[in-house]
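Here is a briefing on a two-chain model. Keep the sequence and the 3D view open while you read.

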Amino acid sequence: MKYYSLRYILPVILIMILFSSISCTPQACQEETHSLIKATFYINGTNIVKAPDSLTVYGLGRDTARIYNKSLSIKIAQIPLDASTGTCGYVFRLNGITDTLTFSYSTYPHLVSKECGFTYYHILDSYTVTGRAIDTIIIRNKNITTINEENIRIFY
Amino acid sequence: MRRISAYFINLLIVAWTFSANAQDSIIVMPMKIRIGADVYGPVSYFINKNTLSIEGYFSIDIDTQKAVVAETGYLDFRYSQYNYNYQTKGTFIRLGVDFNLIHPEKAMGKYYAGIGLRYGLSIFRSDVPFFEQSNYWGSVTGSIPPSTHVAHFIEASPGIRTEIFRNFSMGWVIRLRILIYSGTGKDNKAVSIPGYGNGVKSFNPGINYYLIWSIPYKSQKVK
């Protein structure tokens, strides 16, 4: 009886400890957790993607915290939205010309993974643009998620 | 996982060998009703007080190599990390069949090395009391109120069981589960589904270790 007990119980205890230690070990967050508007820059009237010579982007009223600051070779700008409000404004300075761009959107929570927790996804409703640098904006995909796909096209 | 799979393949080969070497003699094999409980969940609870999993097992032999199985259980799961808290409570039931790959002459109702197939149904209530997300605009906190969900899954469960005392068995089962329907939608998936595991993943492995009491209810002749 003792022989049987040790023979079967010991491996099981080892397996249990192994599995428990694996399941209790916190895993690192590997996934993307930021939902960003992916905005591609096009030459006005064409389908040619072209980075502005210089790009500066920051939130309205947040000119000390720049998302892009005189950045070069940015063909796709990644723009964060404010999940605490439904409207968000940005200053866009393309090749030295300043525009103001405002997005309206709705927000909802999304579980990325057990390790990463929650993020906010958005649905883009509309935009307004003032200034001379940006000619047209086309919304290609109104779902703003962590997936790397084009959301809007900016023609300048 | 690869090593576990390799181990199982070896076991199945051994079981097949047992089966192939069986001789053509008539023996009488006891058919049994089995009632058991998982000890892995309660043992894990002593290591991790945030997860209480209780699970029971019931089966009836329908012939010398097959048994219909019902497993039911309860999960109380709490998870917390720097950017969110999550909790879920619920019950589940798994129904299916166990196929013993050991020849009845060798198994004699005492030994099992085989595979089970199950359909699982889980009813649970979950909520997110707190979560936080930070970006360029600062930190935003939120919560998701409690809601009830029903999930469906299937599983293959290879395992081993042996009788260590008269009518008293011990054995373990590896669970290989596939989620059919989470019941939660694609945005607020369950961090843990009772009886299944991580609801974000469409495939979930697991393990149970059972103590089982067997009750012979009839005998069957085996060639």
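Chain A holds one helix and 10 strands. The helix comes first in the pattern, α-β-β-β-β-β-β-β-β-β-β. This is a predicted model, and the mean pLDDT of chain A is 86.

**Chain A: confidence and overall make-up**
- In chain A, 83% of the residues reach a pLDDT of 70 or more.
- Confidence varies by element: helix α1 (residues 2-24) of chain A has the lowest mean pLDDT, 54.
- Strand β9(A) has the highest mean pLDDT among the elements of the chain, 96.
- Chain A has 156 residues, and 24% of them are buried.
- Take the contacts in chain A with a separation of 6 or more: 52% of them join residues 24 or more positions apart.

**Chain A: the six-strand sheet**
- Six strands of chain A form an open sheet in the order β3-β2-β5-β6-β7-β9.
- The pairing in this sheet is antiparallel.
- Which strands stand at the edges? They are β3 (66-71) and β9 (143-144) of chain A.
- Each edge strand has a single partner, so one side of each is left without a neighbour in the sheet.
- At the β9 edge, two bridges join β9(A) to strand β7 (residues 117-130) of chain A, and the two run antiparallel.
- Ile123(A) stands opposite Asn143(A) of β9(A).

**Nonpolar cores**
- The largest nonpolar core has 24 residues.
- The residues with the most contacts inside this core are Ile37(A), Ala39(A), Val57(A), Ile79(A), Leu81(A) and Phe92(A).
- Seven strands of chain A give two or more residues to this core: β1 (36-42), β2 (55-59), β4 (76-80), β5 (87-94), β6 (97-113), β7 and β10 (152-155).
- Apart from this core lies another, of 17 residues.
- The core of 17 residues includes Cys116(A) as well as Phe131(B), Tyr196(B) and Val200(B).
- Val57(A) shows what a well-connected core residue touches. Beyond its neighbours within four places in sequence, Val57(A) is in contact with Ile67(A), Tyr68(A), Ala77(A), Ile79(A), Tyr90(A), Val91(A) and Phe92(A).
- As background, nonpolar side chains tend to be buried together in soluble globular proteins.

**Where the chains meet**
- On chain B, 28 residues are in contact with 28 residues of chain A.
- The elements of chain B that give two or more residues to this side are α2 (40-47), β5 (111-135), β6 (138-165), β7 (168-181) and β8 (203-222).
- Which element gives the largest share of the side of chain B that touches chain A? It is β6(B), with five residues.
- By type, this side of chain B divides into 16 nonpolar, 10 polar and two charged residues.

**Chain B: strand pairing**
- Strand β1 (residues 27-38) of chain B pairs with strand β2 (residues 51-61) of chain B in the antiparallel sense, over five bridges.
- β1(B) also pairs with β8(B), again antiparallel, over 12 bridges.
- Ala37(B) takes part on both sides: Ala37(B) stands opposite Gly56(B) in β2(B), and the bridge partner of Ala37(B) in β8(B) is Leu211(B).
- β2(B) continues to strand β3 (residues 66-81) of chain B through a hairpin of four residues.
- 11 bridges join β2(B) and β3(B), which run antiparallel.
- In that pairing, Asp61(B) stands opposite Ala67(B) of β3(B).
- β7(B) and β8(B) run antiparallel and are joined by 11 bridges.
- The bridge partner of Val173(B) in β8(B) is Asn208(B).

**Chain B: two residues to look up**
- Gly109(B) lies in the loop between α3 (104-107) and β5 of chain B.
- Is Gly109(B) buried or exposed? Gly109(B) is buried, because 21 other C-beta atoms lie within 10 Å.
- Setting aside neighbours within four places in sequence, Gly109(B) is in contact with Met29(B), Pro30(B) and Lys32(B).
- Gly109(B) and Glu163(B) are 54 residues apart in sequence, and their C-alpha atoms are 8.5 Å apart.
- Tyr79(B) is in strand β3 of chain B.
- Tyr79(B) has 17 C-beta neighbours inside 10 Å, so Tyr79(B) counts as partly exposed.
- Not counting residues up to four places away in sequence, Tyr79(B) touches Asn50(B), Tyr86(B) and Val191(B).
- Tyr79(B) and Ala151(B) are 72 residues apart in sequence and 20 Å apart in space, C-alpha to C-alpha.

Technical notes: Residues numbered from 1 in each chain as written. Chains lettered and ligands numbered in written order. Predicted model: local features only at pLDDT ≥ 70, side-chain atom pairs only at ≥ 80, totals over all residues. Buried ≥ 20, exposed ≤ 12 C-beta atoms within 10 Å, placed from the backbone. Contact = placed C-beta atoms within 7 Å. Nonpolar A, V, L, I, M, F, W, Y, C, P; charged D, E, K, R; others polar. Pairing = 2+ DSSP bridges. Core = buried A, V, L, I, M, F, W, Y, C linked by C-beta atoms within 7 Å. pLDDT = per-residue confidence, 0-100.
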